Amino acid sequence: MESFNAEQTAAYDQIMAAVKDVTMRPKYFFIDGPRGSGKTYLYTTLMHSVRGMKQVILPAATTGIAANLLQGGKTMPSLYGLPILLNETSVSNIKITTMATGTLRKAKLFIIDECTMASNHALNTIDRLIREVMTEDKKYPNQIPFGGKVLIVGGDFRQCLPVIPHGMRAQIVQSCLKYSQTWSHFEHLPLVRNVRAKSDPEYTEWLLKLGNGSLPTFDDLGADLIEIPQELIYKHDRVREIFGDTITPELVETMSQRAILCPKNDDVHKINDQVMDLIVGDYHTYLSDDSVVSDSDEERNNFPVEFLNSVTPSGMPPHRLRLKVGCIIQLLRNLKKGLCNGTRFTVKSLKSNVIEAEVLTGSNKGDIVLIP
């Protein structure tokens with residue numbers, strides 16, 4: 001707490017005052033801050049403080065990568081039982097008689113990080129769930145949003161918004177949290193000071209202007225195009241400029257902090273192959289299942305093996321998965337409890353049917369797991 005800046009201190013004091021307040025009233029906060037403004041640092045301090053008071057706090061995030069940064073963090077669908085397809089009438093999959101509802105009832109504080117990527121239907125579904133959990137008499141349902149619990153949502157609307165397949169700009173905006181039926185109850189707590197990139201204030205200021213849409217535009221570029229400064233543009237090979245000429249095992253953890261962002265999956269696969277070529281070692285290839293489960297021969301004939309091998313659905317690995325010892329892999333969908341979707345691993349050994357990997361991020365960092 002002594003290392004907090006003024007904005008972090010003000011947010012911490014208000015939230016802790018709400019945690020200690022026993023009255024049933026709306027106590028909801030939106031922590032608004034760009035990257036590097038200390039949102040996760042504030043969450044971590046709040047978690048230690050609340051748990052130090054012997055109270056239950058439930059942190060979550062819209063993505064597994066963000067959830068791994070919070071001690072005990074889970075994804076929103078995992079913690080609140082949200083269905084994959086959300087709409088205005090969606091309800092949680094959690095049954096009121098289960099142990100999960102007891103944990104929700106005991107919780108003093110809820111945290112949802114990277115909330116700007118969540119749909120307003122998700123927030124409304126969580127609201128209905130917690131109200132039902134906090135209702136003692138069904139004749140008199142709890143009418144206070146989120147059952148009077150203290151809720152913190154944090155994020156940055158300058159970054160990624162909810163993904164609407166083939167959606168237009170108006171549809172994406174209308175799916176944001178600001179169109180949730182409970183948004184009017186949230187108190188805005190801004191974090192405006194970048195505490196991470198102190199060594200490069202010019203880049204930090206440029207990035208903030210980019211997010212705010214205040215960069216100067218030029219007549220020949222149009223309203224939706226920006227000019228990137230020359231010093232931010234790679235000169236030769238983008239992969240080698242970022243990752244070097246060779247990646248040895250002792251450099252893997254350092255290189256895991258670097259990334260190249262791409263708008264399309266095809267570009268991701270190409271760059272992944274280029275980076276993999278830089279890693280010292282031999283390839284080990286895994287092939288996906290290429291058969292159709294059907295009782296009809298005609299149905300199976302409609303999907304030849306060549307077609308199945310060429311398809312890479314979004315969120316799935318390619319048919320021909322080529323890995324090396326020392327490369328970094330990510331857990332896309334966890335079929336058993338224990339690890340969070342989005343957890344990253346460093347490959348330690350590659351067997352015929354099993355991958356031995358070490359957890360690279362999150363509270364389980366350093367654990368060795370076997371991935372079938």
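Is I228 buried, partly exposed or exposed? In this predicted model, I228 is partly exposed, since its relative accessible area is 42%, and the residue sits in the loop between α8 (201-212) and α9 (238-243). The briefing below starts from the surface around I228, then turns to the two open sheets, the salt bridges and two single residues.

**Nonpolar surface patch**

- I228 belongs to a nonpolar patch on the surface, to which Y203, L210, I226, L232 and I233 also contribute, and the area of this patch is about 460 Å².
- A residue counts towards such a patch when its relative accessible area is over 30% and it has no salt bridge, and the 42% computed for I228 is in keeping with the first of these conditions.

**The parallel sheet**

- Six strands form an open sheet with parallel pairing, and their order across the sheet is β3-β2-β4-β5-β1-β6.
- The edges of this sheet are taken by β3 (74-75) and β6 (186-190), each of which has a single partner strand, so that one side of each is left without a neighbour in the sheet.
- Helix α2, which covers residues 39-52, packs on the sheet and touches β1 (27-32), β2 (56-61), β4 and β5, while the direction of the helix makes about 155° with that of β2.
- Within the sheet, strand β4 (residues 107-113) is paired with strand β5 (residues 150-155) in the parallel sense, and 4 bridges support this pairing.
- Helix α5, made of residues 99-106, also packs on the sheet, where it touches β2 and β4, and its direction makes about 100° with that of β4.
- At the level of single residues, I112 stands opposite V153, which belongs to β5.

**The antiparallel sheet**

- Four strands form an open sheet with antiparallel pairing, in the order β9-β10-β11-β12.
- Here β9 (328-330) and β12 (368-371) stand at the edges with a single partner strand each, and one side of each therefore has no neighbour in the sheet.
- On average, and with direction ignored, neighbouring strands of this sheet are turned by 45° against each other.
- Strand β10 (residues 344-350) and strand β11 (residues 355-359) run antiparallel and are joined by 5 bridges.
- The bridge partner of T346 is E358, a residue of β11.

**Salt bridges**

- Side chains of opposite charge can pair when their charged atoms come close.
- Across the whole structure, a search finds 7 salt bridges.
- R158 and D156 form one of these salt bridges, with 2.6 Å between the closest N and O atoms; R158 is partly exposed at 33% relative accessibility, whereas D156, with a relative accessible area of 3%, is buried.
- R240 and D237 meet through their side chains in a salt bridge with an N to O distance of 3.7 Å, and both partners are partly exposed, R240 with a relative accessible area of 38% and D237 with one of 32%.
- E253 and K365 form a further salt bridge, in which the closest N and O atoms are 3.3 Å apart.
- Because E253 lies in helix α10 (residues 252-255) and K365 in the loop between β11 and β12, this pair ties together parts that are 112 residues apart in sequence.
- Both members of that pair count as partly exposed, E253 at 45% relative accessibility and K365 at 48%.
- Through salt bridges that share partners, D237, R240 and D245 are joined into one network.

**Two single residues**

- D127 is placed in helix α6 (residues 120-133) and counts as buried, because its relative accessibility is 1%, with the limit for burial set at under 20%.
- When residues up to four places away in sequence are not counted, D127 touches P145, F146, Q181 and T182.
- F307 is found in helix α13 (residues 305-310) and counts as partly exposed at 42% relative accessibility.
- The C-alpha atoms of F307 and D290 are 9.1 Å apart in space, and the two residues are 17 residues apart in sequence.

Technical notes:
Residues are numbered from 1 along each chain as its sequence is written. This is a predicted model: local features need pLDDT of at least 70, side-chain atom pairs count only at pLDDT 80 or more; totals for chains, interfaces and linings use all residues. Side-chain values use heavy atoms; hydrogens and water are left out. Patches are made of residues with over 30% relative accessible area and no salt bridge: like charges are joined within 9 Å, nonpolar side chains (Val, Leu, Ile, Met, Phe, Trp, Tyr) within 5 Å. Accessible areas come from the Shrake-Rupley method with a 1.4 Å probe; for residues, only the protein chains shown count as cover. A salt bridge is a side-chain nitrogen of Lys or Arg within 4 Å of a carboxyl oxygen of Asp or Glu. Helices (H or I, at least four residues) and strands (E, at least two) are DSSP runs, numbered from the N terminus. Buried means under 20% relative accessible area, exposed over 50%, partly exposed in between (1.4 Å probe, protein chains only). Two strands pair if DSSP finds at least two bridges between them. Axes are lines fitted to C-alpha atoms, for helices over the stretch in contact, and angles run from 0 to 180 degrees between N-to-C directions. Contact means heavy atoms within 4.5 Å.
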